[in-house]
Each structure stands twice: as C-alpha cells, then as structure tokens.
Amino acid sequence: MLALLLAGCTSGDPGGPSVEHPPRADLPSAVAQPPFVEEVPRADAYLFGDTTLDIALTLDEDAIEALADSRQEAKNAPFVPATFTLGADTYTVTLRLKGGMGSFRPYWDKPSFRIDFSGVDPDGDLHGLRWLILNNLIQDKSMLGEHLAYETYRILGLPAGRHGFARVSINGELFGLYGVVEAVEHDLLERYWPTDADGLLIEGGVDFVPGDEEGFKTPQDGDQTPLYDAVAALDAAPPDRYFATLGEWFEADQLLDVWAIELATGNPDAYVTRHNNYYVYWRPDAARWVMLPWGTDTAFLDPLEWSEDWYEGELYLKCLAAPACEEALRGRLAKVAAWWDTGEIHALVETVAARTEADCMADPRSDGGADGCASARHRLRGFVEDRGAELEAILGE
C-alpha cells in the first residue's frame with residue numbers, strides 16, 4: 001500500500017526553500033526533498049548547532065518583581081530589561097515570560113522567555129536575529145520531542161524554525177536545560193523567500209473559518225484581504241471542488257506535508273487537532289498561503305490516528321471529506337512514512353538523546369527529575385520504534 005501511494009505522490013512545489021539542491025542520496029526518490037541549506041553559512045548557525053550552549057541572564061530586582069507578578073499565561077506579561085551573556089559576548093536586551101495553558105510557568109518555577117535583542121537598541125540583534133525563544137521543555141519530560149519535531153520538518157524540506165539546546169542560568173542560578181528556538185518573524189521569512197518576505201504573517205489559535213478572522217495575531221502586518229477571501233472561498237467550496245480551491249489559496253503540497261508530519265510525530269496540540277500552534281504566511285509574489293509549524297513541545301508523546309471526533313482543524317476535516325484531498329494527503333503521509341522507514345529518525349533520537357542526557361537527568365527544575373527523564377525517554381523510543389508500523393496501518397485503511 002505504501003509503495004502504491006508513493007508512486008502516485010506528486011512532487012509539486014512545497015513552498016519551501018528558494019535555493020535548489022540536489023536530491024539526497026540516502027532517501028528514496030519519492031521522499032527526497034532536502035531542507036533549506038544556506039549557500040553561505042550564517043553567523044547564527046551555532047545557536048542551533050550540535051553544541052549545547054551556556055546562556056546567562058542577569059535581571060535586577062525590579063525586573064524580577066515585574067516577572068513574578070505574571071502568575072498565569074504570558075499574554076500580558078511585561079518586557080523587562082536584562083543582560084544576555086553567551087560566551088564572551090554580552091547583550092542588553094528586553095525579555096518577557098512566554099507560554100500558554102500547559103507550557104506557562106511563573107518566574108519562580110521554570111519559565112520560558114521571549115527575548116528581544118532590539119528592545120533597548122533598535123538596531124540590536126544576535127548575529128542578525130532580533131528575537132530568540134528559550135523554551136522550558138516542561139511539557140515533555142524527555143526534553144527531546146520539540147527538537148525532533150522541528151528537525152523532522154526541516155529534514156523533509158519544509159520551512160520551519162531552527163532549534164538547539166542551552167543550559168540557562170539566571171543571576172548565577174542554574175534553571176536547567178532549555179530549547180533554543182528561532183522565532184517565526186521576518187528574518188525566518190527572508191531566509192526562505194528572500195524576495196517575498198513582506199507579506200502578512202499571522203499566528204494561529206483560531207481557524208480559517210468565517211468569524212475567526214479578527215482572532216488571528218499579526219506579528220507582521222500586511223494586506224488582510226487574502227485572509228478574508230481565502231476563508232470565504234474555502235467555506236463555500238463543495239467537496240468535489242475543495243482540493244482545487246485549497247490549491248488556489250495555499251501551497252497545497254506543503255500544507256498537506258505539515259499535516260502529515262503532525263500526524264506522524266503525534267502532536268496533539270497543533271493545527272490538525274486543535275487549530276493551535278501554527279503560523280500562516282501570505283506570500284505576495286506567489287499569491288498563496290504557507291503554513292509554518294510552531295510550539296512542537298508536545299510531539300512524540302502519543303500516536304494520533306487519521307481522524308478522531310475531537311479534532312478541530314476545519315481545513316483538515318474538510319480535506320478528509322473531499323476524496324481528491326484525502327487521497328493527496330495519504331500520499332504525503334506515505335512520503336513521511338517512507339522516510340521513517342529509512343531509520344534516520346531512530347538515529348536522530350539517539351544522537352540528540354546522548355547529547356542532552358546529563359542535562360536532562362540533572363535538570364534542577366524539571367517536574368519529573370532523573371526518573372521522569374529516563375522514563376519519558378524510554379517511552380519516546382517506544383513511540384519512534386512502533387510508529388512506522390502504525391503509519392503503515394493508517395495508510396492501509
């Protein structure tokens with residue numbers, strides 16, 4: 001069944017990198033879709049490389065008091081001044097707590113941070129990056145899933161933020177192992193689409209349905225007309241025209257690939273399941289929307305089925321109800337399943353697990369401690385081991 005689906009899987013334009021690269025020799029030709037690779041190595045590449053960083057934050061008493069007053073979700077948390085030290089370099093920044101229901105932790109626990117290198121100096125940056133996210137990895141005691149999910153998107157050629165690891169201390173006190181996450185903002189868009197990076201960027205949490213348009217956040221402004229027009233067109237499209245209409249408004253192969261990876265990596269808090277943790281970007285030159293993954297810290301925990309009655313992503317549900325769209329989506333999932341069968345994901349797990357083992361086991365603010373880390377990693381390895389056969393079963397339905 002998998003071979004048949006791969007044979008019928010169209011390559012298409014995934015809406016990803018504008019730089020062409022030869023197919024990867026280690027993947028089947030139907031799977032080969034290389035990730036974005038810069039022609040010239042970027043100065044910020046080491047932030048997301050193979051070395052765990054040591055980042056020191058310094059906050060004064062007023063800043064700590066302001067952060068400590070943010071006791072729930074970080075929506076209205078203030079930005080406060082701080083210094084950010086990495087190696088021999090120190091930067092004056094502003095930062096605030098980050099996170100929503102589930103991932104948010106108050107300052108005295110293990111908070112996540114959104115750091116603005118231009119918050120004090122408008123021209124400030126970290127090797128070209130204005131924003132950097134430090135995620136607390138609190139929802140996944142293995143501290144692996146977030147990194148593995150972002151890497152899966154990038155390995156399979158989809159535009160996605162880069163991810164690394166750091167040991168973070170605040171005023172000399174170790175707060176533990178953090179994920180270093182590239183923010184979805186203009187710099188990321190410009191890496192993927194150098195001449196097409198000035199369109200409308202919106203953050204999910206609501207859906208592409210009539211009435212939700214005003215609920216999107218807009219980290220980068222632009223003409224809102226394509227949002228309203230796409231929502232209206234997709235809402236009106238009958239099943240026999242739905243896939244064609246989807247392709248008129250989205251880079252369809254890329255969108256279906258995002259959904260296929262969400263399913264394969266078992267992320268229960270993303271677009272397919274909760275219309276959450278995603279961005280969409282309107283590429284003016286291409287006149288299409290692109291979906292970008294975000295908030296992957298619940299991936300690789302529990303397997304997802306093809307459909308469940310609690311799934312909420314309206315575009316996905318309409319795709320399942322449209323035969324042409326469902327067939328195309330199965331083809332994209334088959335591509336992911338074929339990559340899974342190469343064993344690259346298993347090797348990636350072991351490489352990242354070995355690199356972060358000591359820091360995960362010794363994290364001073366982890367909910368689960370060393371036992372929780374060890375147990376969660378055992379469970380994650382089981383998920384990865386079993387998932388290939390589970391994807392085959394889904395495709396055979």
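Here are legends for a few close-up views of this predicted model.

**View 1. A patch of negative charge sits on the surface.**
Five residues gather here: Asp-60, Glu-61, Asp-62, Glu-65 and Asp-69. Look for Asp-60 in the loop that runs between β1 (53–58) and α2 (61–68). How does Asp-60 count, at 44% relative accessibility? Asp-60 counts as partly exposed, because buried would mean under 20% and exposed over 50%.

**View 2. Strands β2 and β3 form a hairpin.**
Strand β2 covers residues 80–86, and strand β3 covers residues 89–98. The two run antiparallel, and seven bridges join them. To find your way along the pair, start with Phe-84, which stands opposite Tyr-91 in β3. Then go to the turn: there are two residues between the strands. In this hairpin, Gly-87 takes a positive phi near 65°.

**View 3. Strand β3 also pairs with β4.**
How many bridges does β3 make with strand β4 (residues 112–116)? There are five, and this pairing is in the antiparallel sense. One spot to pick out is Thr-94, whose bridge partner in β4 is Asp-116. So β3 has β2 as a partner and β4 as a partner; β3 is also mostly covered, with seven of its ten residues buried. While you are looking at strands, here is a handy rule: in a regular strand, side chains alternate between the two faces of the sheet.

**View 4. Helix α3 is tucked inside.**
Is helix α3 (residues 145–155) largely enclosed or largely open? Eleven of its eleven residues are buried, so the rest of the structure largely encloses this helix. The buried residues include charged-type names you might not expect to spot in the list, among them Glu-146, Glu-151 and Arg-154. Tyr-150, Tyr-153, Leu-148 and Ile-155 are buried in α3 too. After the helix comes Gly-157, with a positive phi near 85°.

**View 5. Two salt bridges link helices α7 and α10.**The side chains of Arg-332 and Asp-253 meet in a salt bridge, 3.8 Å from N to O. This pair links distant parts of the chain, with Arg-332 in helix α10 (residues 323–341) and Asp-253 in helix α7 (residues 252–264), 79 residues apart. Both ends are covered: Arg-332 is buried, with a relative accessible area of 3%, and Asp-253 counts as buried at 11% relative accessibility. What does Asp-257 pair with? Asp-257 forms a salt bridge with Lys-335, and their closest N and O atoms are 2.9 Å apart. Here again the pair links distant parts of the chain, from Asp-257 in helix α7 to Lys-335 in helix α10, 78 residues apart. Asp-257 is buried, and so is Lys-335.

**View 6. Glu-312 and Arg-274 meet in a salt bridge.**
The side chains come to 3.1 Å, N to O. Glu-312 lies in the loop between β11 (288–293) and α9 (314–320), while Arg-274 belongs to helix α8 (residues 271–274), so the pair ties together parts that are 38 residues apart in sequence. Glu-312 counts as partly exposed at 34% relative accessibility, and Arg-274 counts as partly exposed at 35%.

**View 7. Shared partners build a salt-bridge network.**
Which residues are joined into one network? They are Arg-42, Asp-44, Arg-162, Glu-182, Asp-187 and Arg-191, linked by salt bridges that share partners. For the wider picture, a search of the whole structure finds 24 salt bridges.

Technical notes:
Residues are numbered from 1 along each chain as its sequence is written. This is a predicted model: local features need pLDDT of at least 70, side-chain atom pairs count only at pLDDT 80 or more; totals for chains, interfaces and linings use all residues. Side-chain values use heavy atoms; hydrogens and water are left out. Patches are made of residues with over 30% relative accessible area and no salt bridge: like charges are joined within 9 Å, nonpolar side chains (Val, Leu, Ile, Met, Phe, Trp, Tyr) within 5 Å. Accessible areas come from the Shrake-Rupley method with a 1.4 Å probe; for residues, only the protein chains shown count as cover. A salt bridge is a side-chain nitrogen of Lys or Arg within 4 Å of a carboxyl oxygen of Asp or Glu. Lys and Arg count as positive and Asp and Glu as negative; His and the chain ends are not counted. The place of a charge is taken as NZ of Lys, CZ of Arg, CG of Asp or CD of Glu. Helices (H or I, at least four residues) and strands (E, at least two) are DSSP runs, numbered from the N terminus. Buried means under 20% relative accessible area, exposed over 50%, partly exposed in between (1.4 Å probe, protein chains only). Two strands pair if DSSP finds at least two bridges between them.
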